[in-house]
Amino acid sequence: MNILVVDDETDVRPLFEQRFRREIRNGEFRFTFAESGEQALEYLKDLLSEAVLILSDINMPGMSGLELLRQIKSDYQSPPPPVVMMITAYGDAQSYNQAMELGADDFLTKPLDFNELKNKLKTLQ
């Protein structure tokens, strides 16, 4: 499974690479990282067929994760649409409702429970 992780925090990449070390080595998951919504859209424009699942932070400078979600759902409607899981440090009802209204497939709060995330990802394979 190809996963695009969108987050402006610099420690996200090494954290995912450490937590998914075994799955990456076994070829179960392949991660690509973008540090902004704009960078994620550039990646998708060039390699949409490679992105199966997108994990995006909501609060980022520039384009927010919600705006990224809005763009993805409007621009990439051809099957199979990417699965989008929104991640936020704020588990408030307003963020959750807004993400779901825009078409998010799931909503996760930080700090991430990586065991829960692995289980969710494995059910999508």
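Trainee: In what order do the 5 strands of the open sheet stand?

Mentor: This is a predicted model, and its open sheet has 5 strands with parallel pairing. Strands of a sheet pair through backbone hydrogen bonds, either parallel or antiparallel. Read across the sheet, the order is β2-β1-β3-β4-β5.

Trainee: Which are the edge strands?

Mentor: An edge strand pairs on one side only. Two strands of this sheet do so, one covering residues 30-34 and the other 106-109. They are β2 and β5.

Trainee: By how many degrees are neighbouring strands of this sheet turned against each other on average?

Mentor: The value is an average over neighbouring strands, with direction ignored. It comes to 20 degrees.

Trainee: How many bridges join strand β1 to strand β3, and which residue in β3 stands opposite Leu4?

Mentor: Strand β1 spans residues 2-6 and strand β3 spans residues 53-57, and the two run parallel. The bridges between them number 4. Opposite Leu4, the residue in β3 is Ile54.

Trainee: What angle does helix α4 make with β4?

Mentor: Helix α4, residues 65-75, packs on the sheet and touches β1, β3 and β4. Strand β4 covers residues 83-88. Between the direction of helix α4 and that of β4, the angle is about 170 degrees.

Trainee: Which strands does helix α6 lie across?

Mentor: Helix α6 is made of residues 114-124 and runs at about 170 degrees to β4. The strands it lies across are β1, β3, β4 and β5.

Trainee: Where do Arg70 and its salt bridge partner Glu67 lie?

Mentor: The structure holds 12 salt bridges, one of them between Arg70 and Glu67, with the closest N and O atoms 2.5 Å apart. The two residues are 3 residues apart, about one turn of the helix. Both lie in helix α4.

Trainee: Is the peptide bond from Lys110 to Pro111 cis or trans?

Mentor: Pro111 is found in the loop between β5 and α6. For the bond from Lys110 to Pro111, omega is near -5 degrees. The bond is cis.

Trainee: Which helix gives the most to the lining of the largest pocket?

Mentor: The largest pocket has a volume of about 170 Å³. Its lining includes Lys110 and Pro111, along with Val12, Leu15 and Phe16. Of the lining residues, 8 are nonpolar, none polar and 4 charged. With 3 residues from the stretch 12-19, the helix that gives the most is α1.

Technical notes. Residues are numbered from 1 along each chain as its sequence is written. This is a predicted model: local features need pLDDT of at least 70, side-chain atom pairs count only at pLDDT 80 or more; totals for chains, interfaces and linings use all residues. Side-chain values use heavy atoms; hydrogens and water are left out. On a 1 Å grid over the protein atoms alone, a cavity is a set of points where a 1.4 Å probe fits but cannot get out, and a pocket is an open set with protein on both sides within 12 Å along at least five of seven lines; lining residues have an atom within 4 Å of a point. Grid points are joined across faces, edges and corners, and a volume is the space filled by probe spheres set on the points. Ala, Val, Leu, Ile, Met, Phe, Trp, Tyr, Cys and Pro count as nonpolar, Asp, Glu, Lys and Arg as charged, and the others, Gly among them, as polar. Two strands pair if DSSP finds at least two bridges between them. Axes are lines fitted to C-alpha atoms, for helices over the stretch in contact, and angles run from 0 to 180 degrees between N-to-C directions. Contact means heavy atoms within 4.5 Å. A salt bridge is a side-chain nitrogen of Lys or Arg within 4 Å of a carboxyl oxygen of Asp or Glu.
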